[in-house]
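User: I would like to learn how to read a structural model step by step, with a general idea for each feature and then the case at hand. Could we work through one together?

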Amino acid sequence: MKTPVTPRLVEHIPIPERPFWKTLRQQKVLLLMSVPFVIHVIIFKYVPIWGWTLAFQNYWPGKSFFDQVWVGFDNFKWLFRDPIFYQVLRNTLAMSLIQLVFGMVSSIVLALIINEVRLVFFKKAAQTISYLPHFISWVVAANLVRDALSTDGGIVNELLMKLHIIKEPIMFLGIPKLFWWIIGASHVWKEVGWGAIIYLAAIASVDPNLYEAAIIDGAGRLRRIWHITLPSIRPIIVIILIMNMGYLLSSGFEQQYLLQNGRVIDYARVFTIYELDYGIKMMRYSFATAVGIFRSVVSLVLVFGANYIAKRMGQERLL
Amino acid sequence: MKTRRLRLTKEDLILDFVVYTTLICLVIVTLYPFLNTLAVSFNDALDSSKGGIHLWPRKFTLYNYRSLLTRNQIYNAALISVLRTVLSTLFCTFSTAMVAYTLSRKEFVLRKIISFIYVLTMYIDGGLIPTYFLMRNLGLTNNFWVYVLPGLVTAFNLIVIRTYINGLPESLIESARVDGAGEFTIFVKIVLPLCKPVLATIALFVAVANWNSWFDTFLYNSSNPKLSTLQYELMKVLQSANSMTGSLEQALAQAATGSVNTITPRAIRATMTVIVTVPIAVVYPFLQRYFVHGLTLGGLKE
């Protein structure tokens with residue numbers, strides 16, 4: 001899951017005393033250096049918003065904008081009547097929540113564990129290795145997951161059989177009910193180390209005097225973790241939790257797309273897969289655009305809601 | 001520290017045991033899939049399908065690599081992957097730094113509005129279909145530049161670099177201005193060299209993202225095999241692992257009939273995975289600190 005942390009960009013600037021246009025002319029080099037890229041970002045990021053008009057038409061490629069049939073909110077009505085839509089919503093929320101909860105818990109635990117290591121070499125090595133999967137693509141990760149879970153010589157089946165937990169290899173990726181958990185587990189496998197960095201940084205900034213005092217009071221290491229480390233990083237945990245809530249609908253789809261197959265599709269279909277299937281494959285462009293609008297708007301509300309809550313809790317964030 | 005180590009309590013010992021065991025398990029679980037795939041890629045394909053390959057090939061062969069690397073399809077995809085990564089990294093880093101510099105100039109009158117335009121893009125998302133149509137209308141489908149152009153300057157990278165430039169001593173820029181240097185000269189000659197650490201980090205992230213990207217190939221360039229990338233080729237092999245009707249497998253299976261050696265989908269996937277992962281795995285240990293630096297750069301201003 002993305003870690004949505006951003007410093008503020010917009011600041012208050014004093015109003016220029018000279019006339020605006022005169023100043024602008026003087027700053028023509030700065031203009032030349034930035035305006036082409038502003039045009040670029042408007043084309044690539046803002047023009048697609050204009051494309052939202054597609055959702056209110058019965059869009060047919062090749063016709064001009066004015067010849068399209070306008071249908072109002074019909075596409076949205078169909079969307080809310082489509083049982084697949086509710087399936088997609090359920091899958092997206094379920095997998096996001098599983099990733100969020102298990103991702104955060106595992107990263108926090110890992111950070112606490114790494115912090116307890118005293119051998120510097122071992123600490124460094126374990127950290128370096130734990131970040132590695134973050135930098136490989138989901139295509140590679142999905143390949144590795146598929147191999148690990150395969151029925152012919154996959155390590156998971158092999159281990160379970162050696163331990164006599166199962167008698168025959170299980171086709172894990174073919175069981176619909178397991179799909180969410182496979183997505184959750186592979187997410188944890190890929191991101192646990194990377195996610196721990198933020199908590200490690202927070203732990204490093206805890207006042208050492210607190211630990212000294214606790215030692216004098218006779219607190220063991222476990223009690224120091226419980227009574228000092230965890231409460232000290234609680235603000236960071238809360239903030240990351242809230243920020244991730246904002247991304248509940250927009251967390252990745254690559255994983256699901258690359259690991260799904262026909263048998264589990266009812267549990268694997270998330271928003272982008274839905275949009276791809278209806279939009280690109282079935283060419284129901286207007287309907288798929290409506291799906292995209294729903295996702296964007298709800299995400300926007302979630303992100304701003306998360307920001308608002310974070311601000312209310314005394315954490316300055318974004319904008 | 002030292003005095004504490006002398007009197008280890010029972011709790012310390014148990015905790016140490018748990019800590020080290022967990023971390024060793026984590027390291028094994030993280031590395032095993034990679035090493036297993038590496039072993040399979042160097043093992044005879046038919047032999048691998050019997051199972052039981054773990055960390056070391058049983059019947060060593062280079063045949064898997066030879067049969068993949070001699071295929072024009074893979075060779076070409078590798079070329080495109082490298083090209084898009086290099087070009088994106090160069091263009092993206094330079095242009096982001098340039099815009100970031102203008103936004104760091106307090107006297108720049110459009111500073112606020114430009115910042116706002118960029119920040120807003122972090123919250124809004126046009127969605128798949130409108131973006132797809134935009135690319136099509138711009139002639140960027142079946143076009144190499146769809147890999148480079150859309151992500152030229154992103155808000156997040158912009159903020160990171162701008163924050164860094166704001167931290168530079170203003171006097172350096174001022175003295176250059178007194179000496180008569182123009183804005184562009186100041187940017188290229190003074191700001192860029194000073195920004196090396198942050199630029200390295202951003203460049204690295206852009207490079208990794210580009211190397212790992214497959215969705216843009218899938219969406220915009222899938223009908224043109226000349227513009228395919230390594231990740232997309234690997235993705236196709238992965239997808240056809242279900243149906244086993246992938247063109248690459250068929251071609252390879254055909255190529256293999258008549259010769260003693262054979263290649264299986266599993267071997268192809270393993271070999272491709274290694275080819276795709278090696279560049280990252282090789283640079284990773286050396287550049288690790290830059291990778292991690294990026295995270296602390298971007299966020300968490302407490």
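**Reading burial, packing and contact**

Analyst: B:N142 is partly exposed, because 14 other C-beta atoms lie within 10 Å of its own. Please keep in mind throughout that this is a predicted model.

User: Where does B:N142 lie, and what is the sign of its phi?

Analyst: B:N142 sits in the loop that runs between α7 (128-137) and α8 (155-166) of chain B, and its phi is positive, about 55 degrees, although B:N142 is not a glycine. A second residue can be read in the same manner: A:H164 is not a glycine either, yet has a positive phi of about 60 degrees. A:H164 belongs to the loop between α7 (155-162) and α8 of chain A, and counts as exposed because 7 other C-beta atoms are found within 10 Å.

User: Which residues of α7(B) are buried, and what do the buried residues pack against?

Analyst: Seven of the ten residues of α7(B) are buried, so this helix is largely enclosed by the rest of the structure. The buried residues are B:L128, B:I129, B:P130, B:T131, B:Y132, B:F133 and B:M135. They pack against α2 (28-50), α13 (271-281) and α14 (285-312) of chain A, together with α12 (215-220) of chain B. After α7(B) comes B:G139, with a positive phi near 75 degrees.

User: How should I read the packing of two helices, and at what angle do α4 and α8 of chain A cross?

Analyst: Two packed helices are described by the angle between their axes together with the distance between those axes. In this model, helix α4 (residues 83-116) and helix α8 (residues 176-204), both of chain A, have axes that come within 6 Å and cross at roughly 45 degrees. That angle makes α4(A) oblique to α8(A), because it falls outside the ranges for roughly parallel, perpendicular or antiparallel pairs. The crossing of the two is right-handed, and the residues of their contact divide into 16 nonpolar, nine polar and one charged.

User: How far apart are the axes of α8(A) and α10(A), and which residues make the contact?

Analyst: The axes of α8(A) and helix α10 (residues 221-245) of chain A are 9 Å apart, and the helices pack at an angle of about 140 degrees, which means that α8(A) is oblique to α10(A). α8(A) passes α10(A) in a right-handed crossing. On the side of α8(A) the contact is made by A:I198, A:Y199, A:A202 and A:I203, and on the side of α10(A) by A:T229, A:I233, A:I236 and A:I240. Sorted by character, the residues of this contact are seven nonpolar, one polar and no charged.

User: What should I look for in a core, and which residues touch the most other members of the largest nonpolar core?

Analyst: In soluble globular proteins, nonpolar side chains tend to be buried together. Here the largest nonpolar core has 148 residues, of which A:V139, A:V291 and B:I161 touch the most other members; α8(A) gives the most to this core, with 13 residues. Apart from its neighbours within four places in sequence, B:I161 is in contact with B:T96, B:A97, B:A100, B:C195, B:V198 and B:I202.

User: Is A:L259 buried or exposed, and what does A:L259 touch?

Analyst: A:L259, in helix α11 (residues 254-259) of chain A, is buried, because 22 other C-beta atoms lie within 10 Å. Leaving out residues up to four places away in sequence, A:L259 touches A:A142, A:V145, A:L173, A:I182 and A:I183. The C-alpha atoms of A:L259 and A:R146 are separated by 7.4 Å, although these residues are 113 apart along the chain.

User: How many residues does each chain bring to the contact between the chains?

Analyst: Chain B brings 85 residues and chain A brings 76 residues. On the side of chain B that touches chain A, the largest share, 15 residues, comes from helix α2 (residues 10-41) of chain B, and that side divides into 48 nonpolar, 26 polar and eleven charged residues. B:Q231, found in helix α13 (residues 230-243) of chain B, has contacts that include A:S137 and A:V139 as well as B:W214, and counts as buried because it has 25 C-beta neighbours inside 10 Å.

Notes: Residues numbered from 1 in each chain as written. Chains lettered and ligands numbered in written order. Predicted model: local features only at pLDDT ≥ 70, side-chain atom pairs only at ≥ 80, totals over all residues. Axes fitted to C-alpha atoms, helices over the stretch in contact; angles between N-to-C directions. Helix = DSSP H or I, 4+ residues; strand = E, 2+ residues; numbered from the N terminus. Parallel < 35°, antiparallel > 145°, perpendicular 65-115°, else oblique. Left-handed = near helix turned anticlockwise from the far one by under 90°. Nonpolar A, V, L, I, M, F, W, Y, C, P; charged D, E, K, R; others polar. Core = buried A, V, L, I, M, F, W, Y, C linked by C-beta atoms within 7 Å. Buried ≥ 20, exposed ≤ 12 C-beta atoms within 10 Å, placed from the backbone. Contact = placed C-beta atoms within 7 Å.
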